Structure formats: structure tokens, C-alpha cells
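Trainee: Could we go through this model together? I would like to test each label against its definition.

Mentor: Gladly; let us look at the model and begin.

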Amino acid sequence: MSDADQFRELSEAYALGALDPEDRAAVAAHLATGCVKCSKALGESQWLVSQLAYLAAEAAPSEMLRGRLLKTVREEAAVANTQTPKLAIPLWMWGAVAAALLFAFYNAYETRLLDERIRSTQAELTAQMKIQQESAEQLAIARREAVILTDPKSMWIKMAAGNKNLPVLQATWHQEFGIVVSGWKLPIPSSNRTLQLWLIPKTPGAKPVPSLTLRPDWSGKFDLVVANPPESVGETKALAITEEPEGGSPQPTTAPIWVGAVAGK
């Protein structure tokens, strides 16, 4: 039996939260690899678990049952008053009432536990699928960046800063896969500011074309990947980076900090 078959057999127990910690961790780790068959099996198990709530018995006696029970109690009490004044309600009737109430409380408790387990399982599955999606997106970006940086067809563009105390950025442009702009030890903008990439068209008088924004990380590392540049290499004269309000701007609001000419195009 393959690992995938083994994990698919555990999908229903995983969806119910019934696995021990070791098996649960193993299944979660396997799902994180992006196994399509196991993810599908887990989705089916989740749907099956979600239907269990509809199979639970009614949590409380119906109005009809309650009415009949009270009517019977009153009738028995009336008969007992005429026959045995010292005993208003037969003992067996008290036992029936207690049993009915106990059964209702038990069903309500079991239903609540099942609902809580279903909600917990659904939340955990949603979080796991979100992690898988984010991992897949990050992997796709990393692969694209690797192609741009290593393909001989890529164009290398040096982006110097107007301030000599700032580091030089390196831009790499691949006609098919996009642009990578990277640098280290960049100053970090204030909390409501970011860095934005611009493409300067060759056409005289044309306005800069806005691209993506990115803040350097805590160490000053800057690694921007643009999968679909708004302009082609042949139509672009230079690349520039400015500091803009968080979220970016439709047109630059500050002077360029870094500029790199797209030579030979």
C-alpha cells in the first residue's frame, strides 16, 4: 500500500478529529505536500461529517409530546385524588417524566458536541487549504524568479541611487517571465509608506506607468517579482523606484530614488 492510499484511509478519522496526535501530524504533513487525491478524499470526508448533524435526534420533546405527557399527568393526578388522596401522581409517572427529560438533555448534549466537532474540523480544513494555496503561490513565484535570474535571454539593468549612501539595486528583465528587482540593506520606509516600481516609456511626454509596490523586510532585503509588466522591454526607456503612500500611487508623488536605463532597447 502506498503512502497516499494509507493517508486516504485516515481521511475520515482526520475529518472527525479522532486521530492520535502522531497520526494527525503525519496526515497534516502529507496534505501540505499538495497531494491532490488525499485533498479530494479529505474534502469528501468533511462533507460526510457535515451531514452527520442532520442525523442527530431531536434535541427536545415536540410540543405534541409535551402536551400529551402533561395531559396524562393531570388525568392520573385527578384519578389519584379520588382514589388515593395521599398519592397525587403515581411513581411510575414520575419515572417516565424523568426518563423523557433525561433523554432530551442527552440528545441536546450530543448534538452540541457534534456541531462543535464539525465546526472545528471545517475551520481546520479551511486553514490547511489556505496554507497549501499560499505555499503553492510562493513556490510558483520562486520558480519564476529563478528562471528570470538564470535565463541567458534576460536583460540585466543596474539601478543606481541618486544618494551615494544608498545601495545599488539590480533589475533583471525577461521578455516572457517578467521583472525581478532586488537589493540589500535598503532603508525601511515609515509604516504608512512603501516603495513602488515605475516603467518610463520611450514615447516623449508619456507618463510613467505604475507597477507593483513592496516594502523591504526587517533586514532591508528588497525582492520584487513582477510577473506581468505593464509595458514591454522595447517600449520602456528606464525603470525607476519612488517612495509612495501605502498601497501605491497612480503617478509618482516623489522624485525617483533609484533609476536604471534599459540599454540597447
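Mentor: Let us start with a pair of strands: β7 and strand β8 (residues 258–261) run antiparallel to one another and are joined by four bridges. Keep in mind that this is a predicted model.

Trainee: What makes β7 and β8 a pair?

Mentor: Two strands count as paired if there are at least two bridges between them. β7 and β8 have four bridges, so the definition is met. Among the facing residues, Ala238 has Ala261 of β8 as its bridge partner, and Leu239 stands opposite Gly260 of β8.

Trainee: How do you know that strand β1 (residues 155–161) and β8 pair as well?

Mentor: β1 and β8 are linked by two bridges in the antiparallel sense, and the requirement is at least two, so this pair qualifies too. Ala161 stands opposite Trp258 in β8.

Trainee: Which residues lie on the covered face of β8, and which on the uncovered one?

Mentor: Trp258 and Gly260 are on the covered face, while Val259 and Ala261 are on the uncovered face.

Trainee: What is the order of the strands in the sheet?

Mentor: The eight strands form an open sheet in the order β5-β4-β7-β8-β1-β2-β3-β6, with antiparallel pairing. From one strand to the next, the twist averages 20°.

Trainee: Why is one side of β5 and of β6 left without a neighbour in the sheet?

Mentor: β5 (209–214) and β6 (222–226) stand at the edges and each has a single partner strand, so one side of each has no neighbour in the sheet. For β6, five bridges join this strand to β3 in an antiparallel arrangement, and Ile179 stands opposite Val226 of β6.

Trainee: What makes you call β6 mostly covered?

Mentor: Four of the five residues of β6 are buried. To be buried, a residue must have under 20% relative accessible area.

Trainee: How many helices and strands does the whole chain have?

Mentor: The protein chain has six helices and eight strands, and the pattern along the sequence is α-α-α-α-α-α-β-β-β-β-β-β-β-β. Of the 265 residues, 30% are buried. Among contacts with a separation of 6 or more, 61% are between residues 24 or more positions apart.

Trainee: Why is the pair of Glu243 and Arg193 called a salt bridge?

Mentor: The closest N and O atoms of Glu243 and Arg193 are 3.2 Å apart. The cut-off is 4 Å between a side-chain nitrogen of Lys or Arg and a carboxyl oxygen of Asp or Glu, so the pair earns the name. As background, side chains of opposite charge can pair when their charged atoms come close. The structure holds one salt bridge.

Trainee: Which parts of the chain does the pair of Glu243 and Arg193 tie together?

Mentor: Glu243 belongs to strand β7 (residues 236–245) and Arg193 to strand β4 (residues 193–201), so the pair links parts 50 residues apart in sequence.

Trainee: Is Glu243 buried, partly exposed or exposed, and how do you know?

Mentor: The relative accessible area of Glu243 is 25%. Buried is under 20% and exposed is over 50%, so a value in between is called partly exposed.

Trainee: What about Thr242: buried or exposed?

Mentor: Thr242, in strand β7, has 1% relative accessibility and counts as buried. The side chain of Thr242 makes polar contacts with the side chains of Trp198, at 2.8 Å, and Glu244, at 2.6 Å. The limit for a polar contact is 3.5 Å, and the atoms must be a suitable donor and acceptor. Beyond four places in sequence, the contacts of Thr242 include Thr194, Leu195, Pro252 and Ile257.

Trainee: What makes His174 a buried residue?

Mentor: His174 has a relative accessible area of 4%, and the cut-off is under 20%, so the label follows. His174 is found in strand β2 (residues 169–174) and touches Ile148, Asp151, Lys153 and Ser154, leaving out residues up to four places away in sequence. A polar atom of the His174 side chain lies 3.0 Å from the backbone nitrogen of Glu176.

Trainee: Why is Lys185 called exposed?

Mentor: Lys185 has a relative accessible area of 71%, and exposed means over 50%, so the name fits. Lys185 sits in the loop between β3 (178–183) and β4. The phi of Lys185 is near 60°, a positive value in a residue other than glycine.

Note on methods: Residues numbered from 1 in each chain as written. Predicted model: local features only at pLDDT ≥ 70, side-chain atom pairs only at ≥ 80, totals over all residues. Heavy atoms only, no water. Buried < 20%, exposed > 50% of the residue type's maximum accessible area, 1.4 Å probe, protein only. Contact = heavy atoms within 4.5 Å. Axes fitted to C-alpha atoms, helices over the stretch in contact; angles between N-to-C directions.
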